[in-house]
Amino acid sequence: MKVIWNNEIVERSEVKIDMEDRGYQFADGIYDVVRAYNGEFFTLNEHVDRLFSSAEKIDLVLPFTKEELKQLLTKLIEVNNIDIGNIYMQLTRGIGIPRNHSYPDPELVPSVFTATTTIVPRDQEKMDRGMSAFTVPDMRWLRCDIKSISLLGNIMAKHEAHKKGGDEAILHRDGVVTECSSSNVWMIKDNTIYTHPDGNLVLPGVTKIMLLKVAREAGLSVKEEAFTIEDLKKADEVFASSTTMEAMPITFIDGNPVGQGKRGSVVERLQQLYVDAVEEQCGK
Ligand code: PMP
């Protein structure tokens with residue numbers, strides 16, 4: 001399998017990452033995940049923009065322009081024959097010797113970029129059935145807008161949910177819902193769709209941008225407004241959104257059914273609008 005290593009496409013076995021890479025030692029790096037359908041990227045510009053914006057927020061320098069990166073990624077899915085799948089990319093601050101918290105001089109220490117691909121079909125059965133979630137306090141830092149590879153807070157929250165038999169953790173700060181451990185979260189009450197506004201407490205999800213756009217174009221009522229755990233438990237429908245899950249119904253929260261405990265009609269509509277947007281960009 002081929003991967004991207006810095007500016008090149010190489011065999012995975014050729015990649016050499018130093019054991020003192022700051023990504024490995026400090027989780028000093030950022031990442032992004034973009035999806036391809038029918039061998040074409042969906043919302044590639046938005047993902048590349050977010051990668052560059054995360055990099056800028058921590059003074060990381062990418063070894064190429066946005067255009068060069070898009071060309072490399074396009075070549076990668078072609079050589080790996082990715083019809084439908086996920087492309088993971090990450091950038092770290094490179095090797096810092098001796099180990100030292102301060103950023104090394106980027107002129108002397110180049111950042112390290114890698115990208116890999118995985119074939120992953122759409123999980124239609126789960127999208128029809130929905131998933132279960134558990135509420136967990138949001139213990140993460142205050143720059144959740146940066147797509148950092150430092151994910152312990154997210155991982156620990158998801159593990160809490162998994163231990164209870166759930167699929168996802170819904171995070172809250174003092175009862176105010178922020179997002180899920182690896183997705184944005186939404187609720188529908190009286191035909192209005194709510195999700196937390198962008199800012200430092202949530203990741204600006206690309207799927208979120210797309211769902212907001214298609215929902216507004218379809219004339220649905222949408223509010224980027226925070227809501228509480230109490231609101232969530234009285235919601236008609238709840239769902240999570242991410243590049244890999246699209247719009248995924250959450251049908252049980254803390255063991256109790258949301259509405260009828262089945263996918264609701266608004267989520268189903270949003271799923272269809274999202275699929276239409278994918279097909280418009282990537283073909284059927
Ligand atoms: N929030 C978090 C914490 C995430 O990890 C993700 C998935 N990367 C999202 C939201 C959704 O982002 P996107 O729609 O861009 O995949």
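The following exercises, each with a worked solution, concern a predicted model of a protein chain with a ligand.

**Exercise 1. The two domains**

Determine which domains the chain is assigned and which elements form the side of domain 1 that touches domain 2.

*Solution.* Step 1: the domain assignment divides the protein chain into domain 1, residues 2-119, and domain 2, residues 124-282. Step 2: between the C-alpha centres of domain 1 and domain 2 there is a distance of 26 Å. Step 3: to the contact, domain 1 contributes 22 residues and domain 2 contributes 14 residues. Step 4: on the side of domain 1 that touches domain 2, two or more residues come from each of β3 (29-37), β4 (40-42), α2 (44-57) and β5 (85-92). Step 5: the most is given by β3, with eight residues. Step 6: sorted by class, this side of domain 1 holds eight nonpolar, eight polar and six charged residues.

**Exercise 2. The shell around the ligand**

Identify the residues closest to the ligand and the element with the largest share of the shell.

*Solution.* Step 1: the ligand is surrounded by 14 residues, of which L203, G205, V206, T207 and T243 are the closest. Step 2: two elements, α6 (206-217) and β13 (237-242), each give two or more residues to this shell. Step 3: the largest share is that of α6, with three residues. Step 4: by class, the shell comprises nine polar, three nonpolar and two charged residues.

**Exercise 3. Helix α6**

Compare the span of α6 with the expected value, and state which of the residues of α6 are buried.

*Solution.* Step 1: the twelve residues of α6 reach 17 Å from the first C-alpha to the last, close to the 16 Å expected at 1.5 Å a residue. Step 2: V206, T207, K208, M210, L211 and A215 are the buried residues of α6. Step 3: in an α-helix, residues three or four places apart point the same way, because there are 3.6 residues a turn. Step 4: V206 and T207, both buried, are also among the residues closest to the ligand. Step 5: after α6 comes G219, which has a positive phi near 80°.

**Exercise 4. Strands β7 and β8**

Establish in which sense, parallel or antiparallel, β7 and β8 pair, and how many residues of β8 are buried.

*Solution.* Step 1: β7, residues 131-137, pairs with β8 in the parallel sense, over five bridges. Step 2: opposite F134 stands A169 of β8. Step 3: β8, residues 168-173, is mostly covered, with five of its six residues buried.

**Exercise 5. Backbone features in loops**

Locate the cis peptide bond, and then decide whether N38 and D254, each with a positive phi, are buried, partly exposed or exposed.

*Solution.* Step 1: the cis peptide bond lies between I97 and P98, with omega about -5°. P98 belongs to the loop between β5 and β6 (112-119). Step 2: N38 is not a glycine, yet its phi is positive, about 55°; N38 is placed in the loop between β3 and β4. Step 3: D254, likewise a residue other than glycine, has a positive phi near 50°, and its position is the loop between β14 (246-253) and β15 (256-257). Step 4: a residue is buried at 20 or more other C-beta atoms within 10 Å, and exposed at 12 or fewer. Step 5: N38 has 13 other C-beta atoms within 10 Å and is therefore partly exposed. D254 has 16 other C-beta atoms within 10 Å, so D254 is partly exposed as well.

How values were computed: Residues numbered from 1 in each chain as written. Predicted model: local features only at pLDDT ≥ 70, side-chain atom pairs only at ≥ 80, totals over all residues. Near = placed C-beta within 6 Å. Helix = DSSP H or I, 4+ residues; strand = E, 2+ residues; numbered from the N terminus. Nonpolar A, V, L, I, M, F, W, Y, C, P; charged D, E, K, R; others polar. Domains from an automatic or database assignment. Contact = placed C-beta atoms within 7 Å. Expected span 1.5 Å × (residues − 1). Pairing = 2+ DSSP bridges.
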